[in-house]
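Visitor: I have the sequence and a picture in front of me. Can you take me through them, one question at a time?

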Amino acid sequence: MSPPATPPLPLVVLISGEGSNLQAIIDAIATGALPACILAVISNRAEAAGLSRARRANIPTHVLDASGYTNREQYDQAVMRLIDQYHPRLVVLAGFMRILSDELVYHYHGRLINIHPSLLPKYKGLNTHQRVLDAGDTEHGATVHFVEPELDSGPIILQGKIPVMPDDTAATLQQRVHDVEHRLYPEAIRLIATGRVQLRNHTVYLDGNPLENT
Ligand code: GRF
(Lines give C-alpha, C1' and ligand atoms only; values in the text may rest on other atoms or scores of the structure.)
Protein backbone atom coordinates (compact mmCIF):
# COMPACT_ATOMS: atom_id res chain seq x y z
CA MET A 1 0.00 0.00 0.00
CA SER A 2 1.30 3.49 -0.81
CA PRO A 3 1.76 5.91 2.11
CA PRO A 4 -1.13 8.33 2.77
CA ALA A 5 -0.91 11.46 0.62
CA THR A 6 0.03 14.72 2.36
CA PRO A 7 -2.98 17.07 2.44
CA PRO A 8 -2.34 20.14 0.30
CA LEU A 9 -0.88 23.09 2.21
CA PRO A 10 -3.09 26.17 1.65
CA LEU A 11 -1.02 29.14 0.45
CA VAL A 12 -1.54 32.82 -0.30
CA VAL A 13 1.17 34.26 -2.58
CA LEU A 14 2.15 37.96 -2.66
CA ILE A 15 3.78 39.39 -5.80
CA SER A 16 4.71 42.72 -7.39
CA GLY A 17 6.00 41.84 -10.82
CA GLU A 18 6.91 39.10 -13.25
CA GLY A 19 5.78 36.23 -11.05
CA SER A 20 8.18 33.63 -12.41
CA ASN A 21 8.53 32.16 -8.92
CA LEU A 22 4.74 32.07 -8.62
CA GLN A 23 4.72 30.19 -11.94
CA ALA A 24 7.25 27.68 -10.62
CA ILE A 25 4.99 27.04 -7.62
CA ILE A 26 1.90 26.72 -9.85
CA ASP A 27 3.76 24.25 -12.09
CA ALA A 28 5.07 22.18 -9.16
CA ILE A 29 1.53 21.86 -7.80
CA ALA A 30 0.21 20.92 -11.25
CA THR A 31 2.74 18.12 -11.69
CA GLY A 32 1.99 16.75 -8.23
CA ALA A 33 5.51 17.48 -6.97
CA LEU A 34 4.23 19.99 -4.41
CA PRO A 35 1.32 19.12 -2.07
CA ALA A 36 -0.09 22.63 -1.83
CA CYS A 37 -2.88 24.78 -3.22
CA ILE A 38 -2.81 28.50 -3.92
CA LEU A 39 -5.95 30.10 -2.48
CA ALA A 40 -5.20 33.59 -3.78
CA VAL A 41 -2.53 35.80 -5.33
CA ILE A 42 -2.24 39.39 -4.11
CA SER A 43 -0.28 42.10 -5.92
CA ASN A 44 0.43 45.69 -4.93
CA ARG A 45 0.75 46.55 -8.64
CA ALA A 46 -2.12 46.19 -11.13
CA GLU A 47 0.30 45.72 -14.03
CA ALA A 48 2.18 42.80 -12.42
CA ALA A 49 2.57 40.10 -15.08
CA GLY A 50 2.20 37.48 -12.38
CA LEU A 51 -1.50 38.32 -12.11
CA SER A 52 -2.06 36.89 -15.61
CA ARG A 53 -0.17 33.75 -14.63
CA ALA A 54 -2.52 33.33 -11.65
CA ARG A 55 -5.64 33.97 -13.75
CA ARG A 56 -4.51 31.40 -16.31
CA ALA A 57 -4.32 28.89 -13.46
CA ASN A 58 -7.81 29.90 -12.23
CA ILE A 59 -6.45 31.34 -8.98
CA PRO A 60 -8.36 34.29 -7.45
CA THR A 61 -6.35 37.53 -7.72
CA HIS A 62 -6.46 40.81 -5.83
CA VAL A 63 -4.71 44.12 -6.45
CA LEU A 64 -4.12 46.23 -3.36
CA ASP A 65 -2.54 49.53 -4.37
CA ALA A 66 -0.70 51.27 -1.54
CA SER A 67 -1.56 54.76 -2.85
CA GLY A 68 -4.98 54.59 -1.20
CA TYR A 69 -3.47 54.27 2.29
CA THR A 70 -1.88 56.95 4.43
CA ASN A 71 0.93 54.83 5.86
CA ARG A 72 2.59 51.42 5.82
CA GLU A 73 0.73 50.20 8.90
CA GLN A 74 -2.70 50.94 7.38
CA TYR A 75 -1.79 49.30 4.11
CA ASP A 76 -0.42 46.20 5.81
CA GLN A 77 -3.58 45.92 7.93
CA ALA A 78 -5.61 45.84 4.71
CA VAL A 79 -3.26 43.17 3.30
CA MET A 80 -3.68 41.12 6.49
CA ARG A 81 -7.48 41.39 6.35
CA LEU A 82 -7.41 40.19 2.75
CA ILE A 83 -5.00 37.33 3.42
CA ASP A 84 -6.89 36.19 6.51
CA GLN A 85 -10.15 35.81 4.58
CA TYR A 86 -8.48 32.81 2.95
CA HIS A 87 -7.09 31.21 6.15
CA PRO A 88 -3.78 30.14 4.56
CA ARG A 89 -1.32 28.03 6.55
CA LEU A 90 1.60 29.67 4.72
CA VAL A 91 2.05 33.15 3.23
CA VAL A 92 4.58 33.16 0.39
CA LEU A 93 6.39 36.35 -0.64
CA ALA A 94 7.38 35.88 -4.29
CA GLY A 95 8.93 39.17 -5.40
CA PHE A 96 6.65 41.34 -3.23
CA MET A 97 8.64 44.56 -3.39
CA ARG A 98 7.53 46.22 -0.19
CA ILE A 99 9.05 46.60 3.25
CA LEU A 100 6.71 44.91 5.73
CA SER A 101 5.49 46.41 8.99
CA ASP A 102 6.52 44.61 12.17
CA GLU A 103 2.83 44.01 12.87
CA LEU A 104 2.42 42.00 9.67
CA VAL A 105 5.61 40.03 10.24
CA TYR A 106 4.58 39.11 13.81
CA HIS A 107 1.02 38.32 12.71
CA TYR A 108 2.34 35.60 10.37
CA HIS A 109 5.40 34.61 12.36
CA GLY A 110 6.45 31.08 11.47
CA ARG A 111 4.16 30.97 8.45
CA LEU A 112 5.62 33.74 6.30
CA ILE A 113 8.46 32.93 3.91
CA ASN A 114 10.50 34.89 1.37
CA ILE A 115 12.94 34.18 -1.43
CA HIS A 116 15.93 36.47 -1.87
CA PRO A 117 18.44 36.52 -4.74
CA SER A 118 21.64 36.17 -2.70
CA LEU A 119 23.32 33.83 -0.27
CA LEU A 120 22.00 35.50 2.87
CA PRO A 121 23.20 36.98 5.16
CA LYS A 122 25.24 38.46 2.28
CA TYR A 123 23.64 41.17 0.14
CA LYS A 124 20.35 42.02 1.76
CA GLY A 125 18.33 44.56 -0.23
CA LEU A 126 18.51 45.37 -3.95
CA ASN A 127 21.03 44.97 -6.83
CA THR A 128 22.43 41.77 -5.40
CA HIS A 129 23.91 40.51 -8.70
CA GLN A 130 25.97 43.64 -9.36
CA ARG A 131 27.12 43.72 -5.75
CA VAL A 132 28.35 40.12 -6.05
CA LEU A 133 30.36 41.09 -9.16
CA ASP A 134 31.74 44.25 -7.54
CA ALA A 135 32.91 42.22 -4.55
CA GLY A 136 34.63 39.63 -6.78
CA ASP A 137 32.73 36.74 -5.17
CA THR A 138 33.21 33.31 -6.70
CA GLU A 139 29.77 32.03 -5.73
CA HIS A 140 26.27 33.41 -5.62
CA GLY A 141 22.76 32.04 -5.25
CA ALA A 142 19.36 32.32 -3.65
CA THR A 143 17.90 31.85 -0.17
CA VAL A 144 14.46 30.86 1.13
CA HIS A 145 13.89 31.96 4.72
CA PHE A 146 11.23 32.53 7.33
CA VAL A 147 10.61 36.28 7.62
CA GLU A 148 11.66 38.32 10.65
CA PRO A 149 11.18 42.08 11.07
CA GLU A 150 14.65 43.14 9.82
CA LEU A 151 14.81 43.36 5.99
CA ASP A 152 15.78 40.07 4.28
CA SER A 153 16.41 38.40 7.61
CA GLY A 154 15.22 35.30 9.34
CA PRO A 155 15.99 31.62 9.79
CA ILE A 156 17.16 30.03 6.55
CA ILE A 157 15.28 27.05 5.13
CA LEU A 158 17.22 26.37 1.93
CA GLN A 159 19.96 27.89 -0.18
CA GLY A 160 20.97 27.16 -3.77
CA LYS A 161 24.40 28.10 -5.10
CA ILE A 162 25.90 28.87 -8.50
CA PRO A 163 29.53 29.60 -9.41
CA VAL A 164 30.31 33.11 -10.67
CA MET A 165 32.03 32.83 -14.08
CA PRO A 166 34.66 35.33 -15.33
CA ASP A 167 32.35 36.54 -18.12
CA ASP A 168 29.23 36.85 -15.96
CA THR A 169 27.25 40.09 -15.97
CA ALA A 170 24.45 41.13 -13.62
CA ALA A 171 22.01 39.97 -16.32
CA THR A 172 23.51 36.48 -16.72
CA LEU A 173 23.71 36.06 -12.94
CA GLN A 174 20.09 37.13 -12.60
CA GLN A 175 19.02 34.52 -15.16
CA ARG A 176 20.95 31.68 -13.50
CA VAL A 177 19.84 32.69 -9.99
CA HIS A 178 16.25 32.73 -11.22
CA ASP A 179 16.70 29.17 -12.51
CA VAL A 180 17.90 28.20 -9.03
CA GLU A 181 14.97 30.00 -7.40
CA HIS A 182 12.44 28.14 -9.52
CA ARG A 183 13.69 24.82 -8.12
CA LEU A 184 14.37 26.09 -4.61
CA TYR A 185 11.05 27.74 -3.74
CA PRO A 186 8.74 24.80 -4.54
CA GLU A 187 11.18 22.51 -2.72
CA ALA A 188 11.20 24.69 0.41
CA ILE A 189 7.39 24.83 0.42
CA ARG A 190 7.29 21.05 -0.05
CA LEU A 191 9.49 20.60 3.04
CA ILE A 192 7.04 22.70 5.05
CA ALA A 193 3.95 21.04 3.55
CA THR A 194 5.22 17.59 4.41
CA GLY A 195 6.15 18.65 7.95
CA ARG A 196 9.85 17.99 7.40
CA VAL A 197 10.76 21.63 8.09
CA GLN A 198 9.58 23.32 11.26
CA LEU A 199 10.41 26.61 12.94
CA ARG A 200 10.87 26.47 16.70
CA ASN A 201 12.36 29.30 18.79
CA HIS A 202 13.81 31.03 15.71
CA THR A 203 15.55 27.84 14.60
CA VAL A 204 14.69 25.79 11.53
CA TYR A 205 14.53 22.04 12.10
CA LEU A 206 14.81 19.61 9.19
CA ASP A 207 13.61 16.11 10.03
CA GLY A 208 13.91 17.03 13.71
CA ASN A 209 17.50 18.29 13.48
CA PRO A 210 18.40 21.97 13.87
CA LEU A 211 19.96 23.51 10.76
CA GLU A 212 23.30 25.08 11.52
CA ASN A 213 22.83 28.09 9.27
CA THR A 214 19.91 29.52 11.25
C1 GRF B 1 13.23 37.10 -7.39
O2 GRF B 1 14.54 37.24 -7.82
C3 GRF B 1 13.17 36.99 -5.89
O4 GRF B 1 14.31 36.43 -5.34
C5 GRF B 1 13.06 38.43 -5.46
O6 GRF B 1 12.26 39.04 -6.43
C7 GRF B 1 12.39 38.34 -7.66
C8 GRF B 1 11.01 38.01 -8.11
O9 GRF B 1 10.99 37.47 -9.42
N10 GRF B 1 12.53 38.51 -4.11
P11 GRF B 1 9.64 36.92 -10.02
O12 GRF B 1 8.59 38.04 -9.93
O13 GRF B 1 9.23 35.72 -9.23
O14 GRF B 1 9.95 36.59 -11.46
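Visitor: In which sense do strand S1 and strand S2 pair?
Guide: Helices and strands here are DSSP runs, H or I of at least four residues and E of at least two, numbered from the N terminus. Two strands pair if DSSP finds at least two bridges between them. S1 covers residues 9-15 and S2 residues 36-43, and 7 bridges link them. Their sense is parallel.

Visitor: What kind of model is this, and what is left out of the values?
Guide: Residues are numbered from 1 along each chain as its sequence is written. The model is predicted, so local features need pLDDT of at least 70 and side-chain atom pairs pLDDT 80 or more, while totals for chains, interfaces and linings use all residues, and side-chain values rest on heavy atoms, leaving out hydrogens and water.

Visitor: Which residue of S2 is the bridge partner of valine 12?
Guide: Follow the register of the pair. Leucine 9 faces alanine 36, and leucine 11 faces isoleucine 38. For valine 12, the partner is alanine 40.

Visitor: How many residues of S1 are buried?
Guide: Buried means under 20% relative accessible area, exposed over 50%, and partly exposed in between, with a 1.4 Å probe and protein chains only. In a regular strand, side chains alternate between the two faces of the sheet. On one side of S1, Leu9, Leu11, Val13 and Ile15 are buried, and on the other Pro10, Val12 and Leu14. The count for S1 is 7 of 7.

Visitor: Which strands stand at the edges of the open sheet of 7 strands?
Guide: The pairing is mixed, and the order runs S3-S2-S1-S4-S5-S6-S7. An edge strand has a single partner, so one side of it is left without a neighbour in the sheet. The two are S3 (61-63) and S7 (156-163).

Visitor: By how many degrees are neighbouring strands of this sheet turned on average?
Guide: Axes are lines fitted to C-alpha atoms, for helices over the stretch in contact, and angles run from 0 to 180 degrees between N-to-C directions. For this average, direction is ignored. The value is 20 degrees.

Visitor: At what angle do H1 and H6 pack, and what is that called?
Guide: H1 spans residues 20-31 and H6 residues 170-193, with axes 9 Å apart at about 50 degrees. Angles under 35 degrees count as roughly parallel, over 145 as roughly antiparallel, 65 to 115 as roughly perpendicular and the rest as oblique. H1 is therefore, relative to H6, oblique.

Visitor: How many residues in the contact of H1 with H6 are charged?
Guide: Contact means heavy atoms within 4.5 Å. H1 brings Ser20, Asn21, Ala24, Ile25 and Ala28, while H6 brings His178, Glu181, His182, Tyr185, Pro186 and Ile189. Ala, Val, Leu, Ile, Met, Phe, Trp, Tyr, Cys and Pro count as nonpolar, Asp, Glu, Lys and Arg as charged, and the others, Gly among them, as polar. The split is 6 nonpolar, 4 polar and, charged, 1.

Visitor: How do H1 and H2 lie to each other, parallel or antiparallel?
Guide: H2 covers residues 49-56. Its angle with H1 is about 15 degrees, and the axes are 9 Å apart. H1 and H2 are therefore roughly parallel.

Visitor: Is leucine 191 buried or exposed?
Guide: Leucine 191 sits in helix H6. Leaving aside residues up to four places away in sequence, it touches Leu158, Arg196, Val197 and Leu206. Its relative accessibility is 4%, so leucine 191 counts as buried.

Visitor: Which residue stands opposite leucine 199 in S9?
Guide: Another open sheet has 3 strands in the order S8-S9-S10, with antiparallel pairing. There, 4 bridges join S8 to S9 (residues 203-206). Opposite leucine 199 stands valine 204.

Visitor: Which residue does a cis peptide bond join to leucine 120?
Guide: Most peptide bonds are trans. At this cis bond, omega is about 15 degrees. The partner is found in the loop between S5 (112-116) and H5 (128-135). It is proline 121.

Visitor: What is the phi of histidine 87?
Guide: Most residues other than glycine have a negative phi. Histidine 87 lies in the loop between H3 and S4, and it counts as exposed because its relative accessibility is 64%. Its phi is positive, near 50 degrees.
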